[in-house]
Structures are given as structure tokens and as C-alpha cells.
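Here are some exercises to work through with the model open beside you. Try each one yourself before you read the solution.

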Amino acid sequence: LNRHYFALPTNPGEQFFMFCTLAAWLITKAGHPFEQPQEYDDPNAIISNVLSELRSFGRPVDFPPSKLKAGYGEQACYVLDCLAEEALKYTGFSWKRPTYPTEELEEEEITEDDAELTLNKLEEDVVEEESDNEENFIDLNVLKAQTYGSDMNDSAKQEEILQSTTDAAEWNLEVERVLPQLKVTVRTDNKDWRIHVDQMHQHKDGIESSLKETRGYIDKLHNEIGRTLEKINSREKYINNQLEHLVQEYRSAQALLKQNSSVGRDLQRSSSPTAVEKKIYFKITEVLERVKQETEEKGSSMTDGAPLVKIKQALTKLKQETIQMDIQIGVMEHTLLQSKLKQKSNMTRDMHATMIPEATVGAY
């Protein structure tokens, strides 16, 4: 973030998320636990929580919360400034006089350009290439001595080079013959421990950020599954309450059916049943059939297992994603362990080395 990131409008959505994240981090540094906001959280709830924490520190808030929705401006800078002061107070930070390091001319670092190579850099690269690749490159010290000697000879015999007697074709053949020996390669030293340390820090930050983001998604999915289960339970209770009177009617109708069955058997035993009793019997039978049909329809709707199948599929998918994340985390931990072991072996080899080249000492 630059110095004027929260002062000028650039990207309101990105600025608001960075403002919420930085404010939550400062509140946590100030000794108050605060949950790290996510992109899908309610902005009004986040702003109200930040302002309540700011008031708990005794800081006045005389502006509406809607001023912070843009993520920039005077109010955003004021909130971040107050939270930063509270975090410094909580950590016991105190300003001290600056101490300037003594600069030595011998150890002064000179900025090198890839397009301009000094003679010392070329000599170091040649020594490294000879030790690593065991290739035969031209010695720069010998080349320098030969160049110096040739310059002396040329100065002494300037009258002899007024006219060249060398053939151009022979000169081109000689250039093609010695061209592979003039190869100078400049490359970065991958064996430097600083590069490995930076890589380990980058891998660690990547793992922590990925784990934090994944944990937020998993918590969100867990909350959604919990809410879905609560809805299913409440719906089941509602259906049971709605079908309670039908169950009572079914039981009463079943009791009445038993009673009428006994009456029917008595009527069958009798010689001539009356017409009124037949009408009552048919009516009761019709009511019983209707109650049975309604009960079967409600039962079929209650035993529908489609939501449960979806929940099981979601749980299975969640388990598979969790296993994949565990595998990725294991691979990253293995890579980090290999880099640590390689760094340790390199450091041990450098500590037990009997001779250190002068060019290497000069590089450090």
C-alpha cells in the first residue's frame, strides 16, 4: 500500500476490503479480539463493529457510518490513525533516536547493470563457471596481461602497423575458431541461502493465506448445512403438526370401522338389515377410504428422501475436497521440509569447507 492509498479514490470495493482487513488487524494488535472480515460479509455489520471497538478505546466518532463504505477519505484515515495509535500503546512501542550505521568504503555495494559488466564481475563469473560446469573458458587475468603487453608492443612499434598484411578470410576463420572460447555467461547463484530463505517465507505466506481462505469457506459451508438441517427439522415438525388431526380422524375411523364390522356381522346374522343401517355403513366406509387416501398421500410426501440424498452428496463432496486440501498441504509441507534440509546441508558443507575462493569471499 502506498502512502496515499486511503486518501484518494482508486477502486472503492478493493479499498473498502483493505480498510476492513487493516482495521481488524489493528484492533487485534490493540488487545481486543476481532474476527477477520471476509468478502461476503455484510459491510454495515463490519463498520458497526469497527466503530464500536473504536468507541471502546475512548475515541469520539462524530460522523455517520456510511462515510466509511467508500473505503477512503478523511474518516477512513482518522479511524486507521486512531487504531494504529492504540496498537502502539498496547505493544509498548516508544520512539528512539535513530542510529546510523558506519559506512565503510571497502564494503560499499555498487549497483551493477546487466548491460555493463565490470572486470571483477567477469572474473568472478568465470571462476564460478569453471568450478560448477568444469568448462574451459578464457582466463581474464591472462587476457588482461596479454592485452597490456600487446599495448606496450603496439606503442613501441606504431610504425609497423601503418599497413595491414592480414587476409580478411583468414581473420574471419580465426574469429570463428576462438569464438566459443570467448563465451562469458553471467547467471545468478541459486546456491545463495538468502534465496532459499525468501522462497521459504513466500511458501509459508502462501500456505497461511490459502488455509485462512479455505477455513472461511469451510465454516461458511458448515453453517449453511446446519441451517439446512434446522429447516428440515422444523419442516418435519410442521408436517407432523399438520397431520395430527388426520391421524386422529384415522384412528377414530378405524375404531368406528371395528365397531361397525361387529355390527355388520350381527346384521348378517340377522335376517333382514334395515336400510338406515346400510346407509350408515356405506357412509362410514366412504369416509374411511378418503382418510386412508389422504394418509397415504401425506406419508408419500414425508418419505421423500431427495433432500437427504442431496445432503449426503454434499457431505461426500466436502470430504473429498477436504482430502484434496490435506494432500496439497502435505505436499507443501514436504517441499518446505526438503528446502530446509537442503539449506541445512549447504550450510554444513560451507562450514566444513577447508578452502574458500577469494572471489566468493569478495561476493559476500
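**Exercise 1. Find how many aromatic pairs there are, and sort two of them by geometry.**

Start with the rule: rings of Phe, Tyr and Trp (its six-membered ring) pair if their centres lie within 6.5 Å, with planes under 30 degrees apart called stacked, over 60 edge-to-face and the rest tilted. By that rule the count is three aromatic pairs. Next, take Y5 and F6: their centres are 5.0 Å apart and their planes make 85 degrees, an edge-to-face pair. Then look at Y281 and F282, with 5.9 Å between ring centres and 55 degrees between planes, so this pair is tilted.

Before going on, a word on the numbers: this is a predicted model, where local features need pLDDT of at least 70 and side-chain atom pairs count only at pLDDT 80 or more, while totals for chains, interfaces and linings use all residues. Residues are numbered from 1 along each chain as its sequence is written, and side-chain values use heavy atoms, with hydrogens and water left out.

Last step, burial. Buried means under 20% relative accessible area, exposed over 50%, and partly exposed in between (1.4 Å probe, protein chains only). Y5 and F6 are both buried. Y281 is partly exposed at 39%, and F282 is exposed at 54%.

**Exercise 2. Work out the chain's overall make-up.**

Helices (H or I, at least four residues) and strands (E, at least two) are DSSP runs, numbered from the N terminus. Count them and you get 11 helices and zero strands. Now the burial: of the chain's 364 residues, 16% are buried. For contacts (heavy atoms within 4.5 Å), take those between residues at least 6 apart in sequence: 63% of them join residues at least 24 apart.

**Exercise 3. Check the span of α1, then say where its buried residues point.**

The expected span of a helix is 1.5 Å times one less than its number of residues. α1 has 18 residues and runs 25 Å from first C-alpha to last, close to the expected 26 Å. Its buried residues are Q15, F16, F19, C20, A23, A24, L26 and I27. They cover an arc of only 165 degrees, which puts them on the same side of α1; the arc is that of the directions from the helix axis to the C-beta atoms. What do they pack against? The partners are α2 and α3. Just past the helix, G31 has a positive phi, near 100 degrees.

**Exercise 4. Do the same for α2.**

With 14 residues, α2 should span 20 Å, and its end C-alpha atoms are indeed 20 Å apart. I46, I47, V50, L51, E53 and L54 are buried here. Down the axis, they fall within an arc of 160 degrees, so they line one face of the helix. That face packs against α1 and α3. The helix is followed by G58, with a positive phi near 85 degrees.

**Exercise 5. Which residues touch the most other members of the largest nonpolar core?**

A nonpolar core is a set of buried Ala, Val, Leu, Ile, Met, Phe, Trp, Tyr and Cys residues joined through side-chain atoms within 4.5 Å. The largest one has 26 residues, and F19, V50, L68, V79 and L83 touch the most other members. Elements giving two or more residues are α1, α2 and α3, with the largest share, seven residues, coming from α1. Zoom in on F19: beyond its neighbours within four places in sequence, it contacts F6, L68, G71, A76, V79 and L80.

**Exercise 6. Is E86 buried or exposed, and what does it touch?**

Find E86 in α3 (residues 74-91). Its relative accessibility is 13%, so E86 is buried. Skipping neighbours within four places in sequence, E86 contacts A30, F57 and R59.

**Exercise 7. Place L1, and find its contacts.**

L1 sits in the segment before α1 and is exposed, at 65% relative accessibility. Leaving out neighbours within four places in sequence, L1 contacts F6 and M18. L1 and M18 are 17 residues apart along the chain, with 9.4 Å between their C-alpha atoms.

**Exercise 8. How many disulfides are there?**

A disulfide is a pair of cysteine sulfur atoms within 2.5 Å, and by this rule the count is zero. For two of the cysteines, compare accessibility: C77 is partly exposed at 34%, whereas C82 is buried at 3%.
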